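Colleague: Please take one part of this model and go through it closely. I would like the strand pairing first, then how that part sits in the packing around it.

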Amino acid sequence: MKAQLLTMSTPDGPFTIIARDGAVLASGWTAVPGELTGQIHAELLPGDYEPVMDMGSISAAVEEFYAGNPAPAMAVPVLQKSGPFRSHAWDMLRSVAPGSPVTYTEYAALSGHPKAVRAAASACAFNAAALFVPCHRVIRTDGTLGGFRWGLAIKESLLDREHALALALK
């Protein structure tokens, strides 16, 4: 199975996307595709990659995000595979409004298991489709950022960008 591979330039650095049949398999702030492939479930892992210059609505959604419109990224199809809790938790991340981050405790509750805070944090850690499944919108209860696979500077930049947008819309 062949997947498309695209690295885009963003204000937060290179952003690489691996997609198949119009759905994101993995994405993140790196120019090294190998840093993404380890997050793709073995059953979804492509056998080959085709470098492309554009991914249509997928790359357009990234451009829209950085232009101040995060909504299109939430409409991009994502293909990830895991157990029922993690799959549902990833879906719930897409419902968290930009500019209104939730705590890991709130995220566990959104995911249907209020006491499963560690499992919710694990869902963030194993999310392969960064930006399209916005794990950056989950923070610690004390308001600090917590972790982020692509670095806290990028997480802070994304949250600041979304916060400024939310303020502008008020």
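Modeller: What follows is a walk along one strand, its partners and its core contacts, with two other sites for contrast. Keep in mind that this is a predicted model.

Start with strand E2, residues 13-20. Six of its eight residues are buried, so E2 is largely enclosed by the rest of the structure. Buried here means under 20% relative accessible area.

Now the partners. Strand E1 covers residues 2-10 and pairs with E2 in the antiparallel sense. Seven bridges hold that pairing. Two residues lie between E1 and E2, and the two strands form a hairpin. Across this pair, Met8 stands opposite Phe15 of E2.

E2 also pairs with strand E3, residues 23-28. E2 and E3 run antiparallel as well, joined by five bridges. Arg20 has Ala23 of E3 as its bridge partner. E2 and E3 make a hairpin too, again with two residues between the strands. In that hairpin, Asp21 takes a positive phi near 50°.

Next, the packing. Nonpolar side chains tend to be buried together in soluble globular proteins. In this model the largest nonpolar core has 48 residues. Ile17 is among the members that touch the most others, along with Trp29, Ile58, Val62, Leu93, Tyr107 and Phe132. Helix H2, residues 57-66, gives the most to this core, with five residues.

Look at Ile17 itself. Leave aside its neighbours within four places in sequence. Ile17 is then in contact with Gln4, Leu5, Leu6 and Met8. Its contacts also include Val24, Ala26 and Ser27. Further on in sequence, the list holds Met55, Ile58, Val62 and Phe132.

Two sites elsewhere round this out. Glu162 sits in helix H7, residues 152-169. Its relative accessible area is 2%, so Glu162 counts as buried. Its side chain makes a polar contact of 3.0 Å with the side chain of His136. Beyond four places in sequence, Glu162 is in contact with Phe65, Pro98, Gly99, His136 and Arg137.

Ala116 lies in the loop between helix H5 (104-110) and helix H6 (117-125). Ala116 counts as partly exposed because its relative accessibility is 21%, and the buried class requires under 20%. Beyond four places in sequence, Ala116 is in contact with Phe85 and Ala108. Ala116 and Phe85 are 31 residues apart in sequence. Their C-alpha atoms are 9.7 Å apart.

Terms used. Residues numbered from 1 in each chain as written. Predicted model: local features only at pLDDT ≥ 70, side-chain atom pairs only at ≥ 80, totals over all residues. Heavy atoms only, no water. Core = buried A, V, L, I, M, F, W, Y, C linked by side-chain atoms within 4.5 Å. Buried < 20%, exposed > 50% of the residue type's maximum accessible area, 1.4 Å probe, protein only. Helix = DSSP H or I, 4+ residues; strand = E, 2+ residues; numbered from the N terminus. Contact = heavy atoms within 4.5 Å. Pairing = 2+ DSSP bridges. Polar contact = N/O pair within 3.5 Å; in protein donor to acceptor, adjacent residues only side chain to side chain.
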